[in-house]
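I opened the notebook to record what I looked up in this model, one topic per entry. The entries follow the order in which I went through them.

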Amino acid sequence: MYKIAVVGDRDSVLGFQALGLSVFPVETAEEARRVIHATAKEAYAIIYLTEQLGTQLKDLLAQYEKELAPAVILIPGKEGSLGIGMQKITETVERAVGADILA
């Protein structure tokens, strides 16, 4: 059975634990990198990562974008949305469908 992980600063990710998701609070981008690599080797199909950390880990995101699993999905952190997660979803839908149907 596959699992879902949430990686980010403590305040941004702790609430996801109530939903039954595996929560990995981190303080630095390098710590997040290690957690993502470790969870990718386990049975995690989806890894949610805060946008703030995602901006610092572009190379890692590009690496996992080419993989079938896990899917690394950017979510807003406690500071609010940077719009990056929605932009990535829009790009993915556009590639799949051939048009931007979310606009």
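Entry: Arg34 and Arg33. I began with Arg34, which I found in helix 2, in a model that is predicted. I then asked whether Arg34 is buried or exposed. Arg34 has a relative accessible area of 55%, and because exposed begins over 50%, I entered Arg34 as exposed. I also took its distance to Gln87, which is 53 residues away along the chain, and the two C-alpha atoms are separated by 25 Å.

I turned next to Arg33, which also lies in helix 2. Here the relative accessible area is 17%, and since buried means under 20%, Arg33 goes down as buried. Which residues are in contact with Arg33, once its neighbours within four places in sequence are left aside? I listed Gln56, Leu57, Asp59 and Leu60.

Entry: Thr55. I located Thr55 in the loop between helix 3 (51-54) and helix 4. Its relative accessible area of 34% makes Thr55 partly exposed, because that class lies between the 20% and 50% limits. Not counting residues up to four places away in sequence, Thr55 touches Leu82 and Ile84. For the pair Thr55 and Leu82 I noted a separation of 27 residues in sequence and of 9.5 Å in space, C-alpha to C-alpha.

Entry: Ile47. I placed Ile47 in strand 3, and with 0% relative accessibility Ile47 counts as buried. Leaving aside its neighbours within four places in sequence, I found Ile47 in contact with Ala5, Val7, Ile36, Thr39, Ala40, Pro70, Ala71, Val72 and Ile73. I checked one distance as well, from Ile47 to Lys3, which are 44 residues apart along the chain, and their C-alpha atoms are separated by 8.8 Å.

Entry: Leu61. I found Leu61 in helix 4, where it counts as buried at 13% relative accessibility. Beyond its neighbours within four places in sequence, Leu61 is in contact with Leu49, Gly54, Val72 and Leu74. Against Asp11, which is 50 residues away in sequence, I read a C-alpha to C-alpha distance of 22 Å for Leu61.

Entry: the nonpolar cores. Before listing members I reminded myself that, in soluble globular proteins, nonpolar side chains tend to be buried together. Which members of the largest nonpolar core touch the most other members? The core has 16 residues, and the answer I wrote down is Val7, Ile36, Leu49 and Leu57. Strand 1 (3-8), helix 2 (29-41), strand 3 (44-50) and helix 4 (58-65) are the elements that give two or more residues to this core. The largest share, four residues, comes from helix 2.

I followed one of these members, Leu49, further, and with its neighbours within four places in sequence left aside, Leu49 is in contact with Val7, Ile36, Gly54, Leu57, Leu61, Val72, Ile73, Leu74 and Ile75. Apart from the largest core I noted another core, of five residues, and Val6, Val13, Leu21 and Ile75 are among them.

Entry: the whole chain. I counted five helices and four strands in the secondary structure of the protein chain, and read along the sequence they follow the pattern β-α-β-α-β-α-α-β-α. Of the contacts between residues at least 6 apart in sequence, 57% join residues at least 24 apart. I then asked what radius of gyration a compact globule of 103 residues would have, and how the protein chain agrees with that. The globule would have a radius near 13 Å, and the protein chain has 13 Å, which agrees. Along its principal axes the C-alpha trace spans about 35 × 30 × 25 Å.

Entry: surface and charge. Of the 103 residues of the protein chain, 33% count as buried. The accessible surface comes to about 6,400 Å², and I noted that 56% of it belongs to carbon and sulfur atoms. How many positive and negative side chains does the protein chain have? I recorded 10 positive and 14 negative side chains, with the centres of the two sets 5 Å apart.

Definitions and conventions: Residues numbered from 1 in each chain as written. Predicted model: local features only at pLDDT ≥ 70, side-chain atom pairs only at ≥ 80, totals over all residues. Heavy atoms only, no water. Core = buried A, V, L, I, M, F, W, Y, C linked by side-chain atoms within 4.5 Å. Buried < 20%, exposed > 50% of the residue type's maximum accessible area, 1.4 Å probe, protein only. Contact = heavy atoms within 4.5 Å. Rg over C-alpha atoms; globule rule 2.2 N^0.38 Å. Areas by Shrake-Rupley, 256 points an atom, 1.4 Å probe, with all protein chains shown as cover. Lys, Arg positive; Asp, Glu negative; His and termini not counted. Charge placed at Lys NZ, Arg CZ, Asp CG, Glu CD.
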